[in-house]
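Trainee: Hi! Could you walk me through this one before I set anything up?
Mentor: Happy to, have a look with me.

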Amino acid sequence: MNNIKIEKASPSDAYGIQSLTIESSREMYKLCGWTEEEINNHFPLEKAQKAAEGLEKGIANFTDDNILLVAKMTDDNNEGKVVGCCFAEKHEDKNTIEALYVMPEFKGAGLAKELYDKAHGLLDKNKDTYLDVFSLNSRGVGFYKKQGFTETGKKTFDERFKGSNGEMLEITEMILLV
Ligand SMILES: CC(C)(COP(=O)(O)OP(=O)(O)OC[C@H]1O[C@@H](n2cnc3c(N)ncnc32)[C@H](O)[C@@H]1OP(=O)(O)O)[C@@H](O)C(=O)NCCC(=O)NCCS
């Protein structure tokens, strides 16, 4: 897209990334069946502020193994607004994709693929790439399948993703083989 540039994130992008994460995640949780109330409870304002402060420090300490790319608008009215991000990491035995978010109004325009391709291009070429995605996130699962990922068969639950009925969202592990 010609009014967007993709670059490595800097600490000053932390608040933009946090806002994007919340906005993009809200749709994802809705897709996974959470109510508006559950989503609001999951993203209280104080938590978002703390997370952004943590991220700011985290980015400042990143090494070449931590790849956080942001897509930013370049037009005069929205200059610097973060509308997409992809976070990937290199580990001793594997690569991981930790997060991929695009603002709702930019979905379906190829931006997620562009971010993913750039981040993946910076990972170790001779290692498999793993990621976790909510099983009910059909959009995410479909996107990753399109990029060549397959399900490993491993399913997990995490206390952090518990809805008000006490049920945790199931997580599906996916892999892209070398
Ligand atoms: C998942 C997400 C990143 C996909 O973004 P997107 O903008 O729809 O993806 P793109 O437009 O870049 O699509 C790239 C390609 O994947 C395809 N694709 C996207 N979603 C797909 C799906 N569910 N099933 C099949 N193909 C899909 C597109 O058709 C496109 O194909 P093409 O290259 O042949 O044109 C986006 O919906 C999002 O931010 N969701 C909320 C957060 C999230 O779920 N993140 C993933 C888990 S962390």
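Mentor: Let's fix one term before we start: a residue is buried if 20 or more other C-beta atoms lie within 10 Å of its own, exposed if 12 or fewer, and partly exposed in between. Also keep in mind that this is a predicted model.

Trainee: Thanks! Try it on Gly 16, then: how many C-beta neighbours are inside 10 Å, and how does Gly 16 count?
Mentor: Gly 16 has 18 C-beta neighbours inside 10 Å, so it counts as partly exposed. The residue lies in helix H1.

Trainee: And what is Gly 16 in contact with, leaving aside neighbours within four places in sequence?
Mentor: Those contacts are Lys 81 and Val 82. For a longer reach, take Asn 66: that residue is 50 places from Gly 16 along the chain, and their C-alpha atoms are separated by 18 Å.

Trainee: Is Asp 93 buried or exposed?
Mentor: Asp 93 is exposed, because just 8 other C-beta atoms lie within 10 Å. You'll find Asp 93 in the loop between S3 and S4. Its C-alpha atom is separated by 20 Å from that of Val 133, 40 residues apart along the chain.

Trainee: OK, new topic. What is the order of the strands in the sheet?
Mentor: The sheet is open, has 7 strands in the order S1-S2-S3-S4-S5-S7-S6, and its pairing is mixed. The edge strands, S1 and S6 (150–162), each pair on one side only. On average, neighbouring strands are turned by 25° against each other, with direction ignored.

Trainee: Which way do S1 and S2 run, and how many bridges join them?
Mentor: They run antiparallel, joined by 5 bridges. On the other pairing, S2 and S3 (residues 82–90) are also antiparallel, over 7 bridges. You can follow Lys 72 of S2 through both: its bridge partners are Lys 5 and, in S3, Val 82.

Trainee: Where does the parallel sense come in?
Mentor: S4 and S5 (residues 129–134) pair in that sense over 3 bridges. Ile 97 stands opposite Leu 131 in S5.

Trainee: Why is S2 largely enclosed by the rest of the structure?
Mentor: Because 6 of its 8 residues are buried.

Trainee: What does H1 lie across?
Mentor: H1 lies across S2, S3 and S4, and runs at about 95° to S3.

Trainee: Which residues touch the most other members in the largest nonpolar core?
Mentor: Ile 17, Leu 69, Cys 85, Cys 86 and Leu 115 do, out of 30 residues in that core. H1, S2, S3, S4, H4 and S5 each give two or more residues, and the largest share, 6 residues, comes from S3. Setting aside residues up to four places away in sequence, Ile 17 touches Ala 9, Leu 55, Val 70, Val 82 and Cys 85.

Trainee: Last one, the ligand. How many residues surround it, and which are the closest?
Mentor: There are 21 residues around the ligand, the closest being Ala 112, Lys 113, Gly 140, Gly 142 and Phe 143. Elements giving two or more residues to that shell are H1 (14–31), S4 (95–102), H4 (111–121) and H5 (138–146).

Trainee: Which element gives the most to the shell around the ligand?
Mentor: H5 does, with 5 residues. By class, the shell around the ligand has 10 nonpolar, 6 polar and 5 charged residues.

Trainee: Great, that helps a lot!

Conventions: Residues numbered from 1 in each chain as written. Predicted model: local features only at pLDDT ≥ 70, side-chain atom pairs only at ≥ 80, totals over all residues. Near = placed C-beta within 6 Å. Helix = DSSP H or I, 4+ residues; strand = E, 2+ residues; numbered from the N terminus. Nonpolar A, V, L, I, M, F, W, Y, C, P; charged D, E, K, R; others polar. Pairing = 2+ DSSP bridges. Axes fitted to C-alpha atoms, helices over the stretch in contact; angles between N-to-C directions. Contact = placed C-beta atoms within 7 Å. Core = buried A, V, L, I, M, F, W, Y, C linked by C-beta atoms within 7 Å.
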